[in-house]
Amino acid sequence: MEQFKCPLCQSLNTKLYLTTQTSVASDGQHVDMPINAYWCNDCQTLSKSHLGCEASSHVIDSIYNRYTLHSVGTSQETKVLFNVHAGGITKSKYNYLKLKENIDIKSTGKLLDIGCHYGSFLQNFHDGFPFWHLYGVDVSDRFKSKVESISENTHFTTSPISKLAENFDIIVVTHVLEHIADLPELLASLYNKLASNGVLYLQTNNLESNYFLPIIYEQYYNFTPNGLTNLLAGYGFEVMHLDTTTLPKEMTLICKKAEPKKFKPKQCEHALEENIRLLKKIDFQLKQYANSSMPLYILGTTYVARWLAANYGLNIVGYLDEDTSSLNQLIEGVAVMPPAQANKDIPVILPFPIEQAKQISQKLEHNFGLTSLVPPFSQELL
Ligand SMILES: [Zn+2]
């Protein structure tokens, strides 16, 4: 097999992380396209082999169109639940507070939010700093009037950021990097558009704490904390603050400009070697369950749950969910039901990181008498 060339650093020092026949979109919908995800030992980023392939960009366009359509009626943001705040706050509010907590924000300045959607972050920032000039960029102009209604100093554009006339004191890029085919171009533009003492606020998923992340088709790249820090250094950004714990499975980075540094080749990170081994064991185990048509439940209706069921052709007899809003739904003809109604003789697949799965397993046994399968989902481990 020909060695995969890393699209970010052109290295051939890459390793297959995951290969699948089918994949999934972030909203959990089945995508009938294969994924080959490769880890680069040099720049320490995961890339997909469908990057730059024309057939795949059509599929990805149709996924994005669906999101835009669906997000119109329900501009409701996911609440982030914290241990200390029982009610939770939105992701936008969290990001605003995080920025305010970690940098000294002057009373006026220019802020750019890339992938601003309907402007919820910009609104939060405006509420705290009303004299700033705010700029939102997104691929669709669907929310232009909503964003520009925030204040007379709020502007919206669908232009590439390299075309913007201004330089910015703060640039916010949350959950965008993984979707951009030409990531080197974006990183170079971010460097050019950030004022010399400006701040770059980044947020993305953390591959280290979410080993299933690469099954999402529309994400070209996935990152680890070390890998992203290393990649950013190559484009002239120094990470001042890194948080991998407050938001589970995500990471938040606050960066300033620095002299660009060359990629530092390192060995494949241990955490990912473990992920690769675990994914192989899961693959082996789930093929056995599929072959024997063993009845199984799966906990939750997340993209991982849906992908495991569809990709392996598992005999899923119910999706267990305590979230009442998803009850009475059918997923590929299979019911979503509360754990209390589950048959105790049928084991439950827990599609979560191992430690989290172990905790959930204890709860399911204690509260409902159910037997769970923790990754790699082998029954011998019960
Ligand atoms: Zn690389």
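Reader: How many salt bridges does the count come to?
Author: This is a predicted model, in which local features need pLDDT of at least 70, side-chain atom pairs count only at pLDDT 80 or more, and totals for chains, interfaces and linings use all residues. Residues are numbered from 1 along each chain as its sequence is written, and side-chain values use heavy atoms, with hydrogens and water left out. A salt bridge is a side-chain nitrogen of Lys or Arg within 4 Å of a carboxyl oxygen of Asp or Glu. By this rule the count comes to 6.

Reader: Lys-15 and Glu-273 meet in a salt bridge; how many residues apart in sequence are the parts that the pair ties together?
Author: The N to O distance between the side chains of Lys-15 and Glu-273 is 2.9 Å. Helices (H or I, at least four residues) and strands (E, at least two) are DSSP runs, numbered from the N terminus. Lys-15 lies in strand S1 (residues 14-20) and Glu-273 in helix H7 (residues 270-292), so the parts tied together are apart in sequence by 258 residues.

Reader: Is Glu-273 buried, partly exposed or exposed?
Author: Buried means under 20% relative accessible area, exposed over 50%, and partly exposed in between (1.4 Å probe, protein chains only). Because its relative accessible area is 21%, Glu-273 is classed as partly exposed.

Reader: Which strand holds the partner of Lys-91?
Author: Lys-91 forms a salt bridge with Glu-250, and their closest N and O atoms are 3.2 Å apart. The pair links distant parts of the chain, 159 residues apart: Lys-91 is in helix H2 (residues 91-102), and Glu-250 (strand residues 250-257) is in S15.

Reader: Which strand does the salt bridge of Lys-98 tie to helix H2?
Author: Lys-98 pairs with Asp-243, with 2.5 Å between the closest N and O atoms. Lys-98 lies in helix H2 and Asp-243 in a strand of residues 237-243, so the pair ties together parts 145 residues apart in sequence, the strand being S14.

Reader: Why is the arrangement around the zinc ion given its geometric name, and what is that name?
Author: Donors are N, O and S atoms within 2.8 Å of the metal (3.2 Å for Na, K and Ca); water is not among the atoms, so sites may look incomplete. The SG atoms of Cys-6, Cys-9, Cys-40 and Cys-43 coordinate the zinc ion at 2.3 Å. Four donors count as tetrahedral if all angles lie between 85 and 135 degrees; four count as square planar and six as octahedral if opposite donors are over 155 degrees apart and all others between 65 and 115; anything else is irregular. The angles subtended by the 4 donor atoms are 101 to 115 degrees, so the arrangement is tetrahedral.
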